[in-house]
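Hi everyone, thanks for making time today. I'd like to walk you through a structure, so let me put it up on the screen.

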Amino acid sequence: MGTTKLQRVVLSGMLIIVSFVLKRAAVSPVIADVFMLGAAMVAGIPIMRKAIAGIKYRILGIDALVSLAVIGAVYLREYWEAAAVTFLFTLGDYLESRTLEKTRASIKALLNMMPDMARVIRDGQEMEILPQEVVKGDTVIVKPGERIPVDGTVTEGNAYVNQAAITGESIPVNKETGDTVFSGTVIESGYLKIRADRVGEDTTFARILQMVEEAQDKKAKTQKFLETFSRYYTPFIIVFAVLLFIFTRDLRLSLTLLVIACPGALVIATPVSIVAGIGNAARHGVLIKGGEVMEKLGQIRVLAFDKTGTLTEAKPRVTGIKSFGMEEDELLMIAAIGESYSEHPLAKAIVSAAQEKLGPIGEFAETSEIIPGQGLKVKVRGRDYLIGNRKLILENGVRIEQEQEEYIRQEEERGQTVVIISNVERVLGVISIADAVRADAKQLIADLKRLGIRKIVMLTGDNRRTAAAIAQQLGIDEHYAELLPEDKVKVLEDVSRQFGPAAMVGDGVNDAPALASADLGIAIGGAGTDVAVETADVVLMSNEIKKLAYAIGLSRATVRNMKQNIFFAIIVAALLLVGVLAKKVFLSSGMLVHELSVLIVIINAIRLLAYRQ
Amino acid sequence: MTTKNYQLETLTCPSCMAKIENALRRTKGVESVEVLFNSSRVKVTFDELVVSSDDVKRVIEGLGYKVLGEK
């Protein structure tokens with residue numbers, strides 16, 4: 001076994017040439033034949049070894065079929081055929097492994113972005129250790145040109161960081177104290193001290209890698225079908241070859257049938273396209289979890305978007321405060337304390353507005369109860385308050401006065417989200433919050449329509465007016481407002497029944513159920529939220545939502561590529577079969593066509609790596 | 001039951017997947033086998049009391065596929 005595939009290819013190729021030269025020179029046909037036999041053995045013996053190992057386990061693989069054909073060819077004194085078959089088979093195998101590596105190259109490139117060194121401060125000493133040896137809480141130092149080895153928070157310094165490993169975006173972003181940085185990203189200029197929050201296998205990057213690795217071998221439906229098909233095709237041809245030999249006594253014909261019995265191009269057609277497609281996506285910061293997802297993504301007819309955090313930036317800011325019968329600052333303070341535990345984007349806006357205006361908030365709500373889709377019931381400074389939407393206030397029996405209602409309506413018509421604050425008796429005030437629409441959202445909706453998506457809907461827990469304002473601004477077909485998480489699931493079922501396969505696009509904070517129940521779940525901004533990354537079928541790592549159009553386009557290109565491959569492979573298999581039966585194709589030419597068809601399929605898949613928008 | 005991943009040299013023909021799968025399935029103590037074509041890996045779940053990881057490796061290598069690593 002000591003030789004490599006390449007060495008065997010070269011040696012057996014040279015022996016074939018020598019044999020031909022000898023024959024031409026008419027030295028001695030016997031010597032020429034000896035060289036030819038030598039070539040067949042150099043390339044053939046490893047094949048036979050594998051065949052014998054397989055037969056021990058009662059498995060008839062392609063190597064057994066080729067071995068049989070070679071032995072038959074030698075028996076027929078067709079030394080050239082014997083040498084050619086083994087040579088072509090070995091050469092094909094070598095070229096296939098080289099080209100196959102190309103289809104898998106993007107994923108390998110991702111693996112190479114794994115950090116390999118970490119510089120930490122321990123006992124006041126700077127030391128270099130392996131990234132997996134860093135423990136949570138360690139202070140890590142990263143210098144220009146180095147990869148950040150952990151997920152963490154910047155504690156000191158300032159740097160431009162290239163986050164391509166995570167987001168696929170290579171324009172460096174500025175990071176300073178308090179910012180989150182990710183493992184696998186590279187400091188282009190500057191210097192950072194980072195507190196390690198997540199290390200080793202827990203980092204976002206390590207988890208993406210693991211998911212991409214798993215994804216590449218999750219089989220597409222087409223693939224499963226083709227594998228079943230070939231499981232029957234091969235034995236069928238073998239039996240056919242045996243029968244043919246019994247009836248016609250034409251050994252040459254039967255042997256040739258054996259060589260083409262394994263539909264290599266057909267079986268490889270799907271996995272190569274899928275791996276190239278997934279690799280391309282991964283390089284652009286899009287995680288597509290497997291072949292089946294790849295097939296489904298291109299067939300999506302309805303796209304349902306979550307509003308907050310998906311179509312908008314989810315960095316809502318307080319744009320107005322209106323109080324009824326109390327100081328505005330006091331109202332803001334109560335709201336901020338009440339929301340202090342909440343992770344909701346609206347809550348964060350209120351808290352940061354209060355911090356900006358009134359300084360640090362040292363208090364927390366005494367009790368706090370989340371009412372999904374409505375808001376919060378809290379106790380602040382010994383008093384009960386409601387902070388949330390209209391539904392919350394009305395369902396708890398508090399009246400909204402005419403004048404208040406008018407103000408709220410006005411604000412909502414301007415596309416503002418209003419948070420109403422009341423005590424148990426009356427409305428105390430209203431805080432208006434606006435969340436800017438993502439810069440690329442409008443472009444995305446237009447792109448999606450161009451891609452032939454039948455229906456684009458928006459699902460939101462927000463009120464009707466805000467929803468309408470944003471839907472209109474972006475050109476969204478339909479919007480459903482004031483939904484609870486479980487309502488989103490219901491709406492999804494409805495639109496999917498009406499218009500075809502539906503995908504839910506969300507950031508995963510409160511739409512995990514919808515992401516999981518949709519025909520396809522697509523999460524954006526995956527670098528931040530764990531739940532979304534786990535539940536979704538497709539994850540856009542960055543916040544650039546316009547990549548969704550790219551992902552859908554890529555999925556279609558991949559499926560198209562797959563179909564071209566399958567079509568081509570079937571035609572070749574059929575032509576070979578006909579050619580063999582018509583005695584136009586023999587051992588060597590059969591093997592040549594077989595190997596060429598496999599190579600062409602792989603090369604076709606490589607084209608996918610170049611796919612862009 | 002133990003599950004191990006064996007990294008092989010680049011797999012080229014999907015037909016070798018069936019070979020490895022069948023061979024390991026017929027090995028005593030092996031519970032389940034999955035050959036991952038694109039990552040050229042074999043995922044095997046087996047009963048360590050009946051069959052060792054070295055035995056599993058020997059079966060794969062006996063078929064002519066070098067095992068580059070395991071984890």
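**A walk through chains B and A**

Let's start with chain B, whose elements follow the order β-α-β-β-α-β from the N terminus on. That pattern holds two helices and four strands. Before going further, please keep in mind that this is a predicted model.

How does the radius of gyration of chain B sit against that of a compact globule? For 71 residues a compact globule would come out near 11 Å, and chain B has 11 Å, so the two agree. Along the principal axes, its C-alpha trace spans about 35 × 20 × 20 Å. Of the 71 residues in chain B, 54% are buried. If you take contacts between residues at least 6 apart in sequence, 61% of those in chain B join residues at least 24 apart.

For the electrostatics fans, chain B carries 11 positive and 10 negative side chains, with the centres of the two sets 3 Å apart. The chain exposes about 3,300 Å², and carbon and sulfur atoms supply 45% of that area.

Now over to chain A, with its 23 helices and 20 strands. Its radius of gyration is 33 Å, whereas the globule rule gives 25 Å for 613 residues, so chain A is more spread out than a compact globule. The box around its C-alpha atoms, taken along the principal axes, is roughly 115 × 65 × 40 Å.

What share of the 613 residues in chain A is buried? The figure is 55%. Among chain A contacts between residues at least 6 apart in sequence, 67% join residues at least 24 apart. The accessible surface of chain A is about 27,500 Å², and 57% of it belongs to carbon and sulfur atoms. On charges, we have 70 positive and 71 negative side chains in chain A, and the centres of those two sets lie 10 Å apart.

Let me zoom in on one helix of chain A, H19, which covers residues 485-499. From first C-alpha to last, its 15 residues reach 21 Å, close to the 21 Å expected at 1.5 Å a residue. Which residues of H19(A) are buried? They are Asp487(A), Lys488(A), Val489(A), Val491(A), Leu492(A), Val495(A) and Phe499(A). You'll notice that Asp487(A) and Lys488(A) are on that list alongside Val489(A).

The cover over these buried residues includes four strands of chain A, namely E9 (302-306), E16 (455-459), E17 (478-480) and E18 (502-506), and also helix H20 (512-517). Just after H19(A) comes Gly500(A), which takes a positive phi of about 115 degrees.

Since helix H20 is part of that cover, let's look inside it. Leu515(A) has its place in H20 of chain A. Is Leu515(A) buried or exposed? Its relative accessibility is 0%, so Leu515(A) counts as buried. Thr535(A) is 20 residues from Leu515(A) in sequence, and their C-alpha atoms are 6.7 Å apart in space.

One last stop, in helix H6 (residues 164-167) of chain A, where we find Ala165(A). With 6% relative accessibility, under the 20% cut-off, Ala165(A) counts as buried. Setting aside neighbours within four places in sequence, Ala165(A) is in contact with Leu110(A), Met113(A), Gly184(A) and Phe205(A). As for Ile107(A), it lies 58 residues from Ala165(A) along the chain, with 11 Å between the two C-alpha atoms.

That's my tour, and I'm happy to rotate the view for anyone.

Definitions and conventions: Residues numbered from 1 in each chain as written. Chains lettered and ligands numbered in written order. Predicted model: local features only at pLDDT ≥ 70, side-chain atom pairs only at ≥ 80, totals over all residues. Heavy atoms only, no water. Expected span 1.5 Å × (residues − 1). Buried < 20%, exposed > 50% of the residue type's maximum accessible area, 1.4 Å probe, protein only. Contact = heavy atoms within 4.5 Å. Rg over C-alpha atoms; globule rule 2.2 N^0.38 Å. Areas by Shrake-Rupley, 256 points an atom, 1.4 Å probe, with all protein chains shown as cover. Lys, Arg positive; Asp, Glu negative; His and termini not counted. Charge placed at Lys NZ, Arg CZ, Asp CG, Glu CD.
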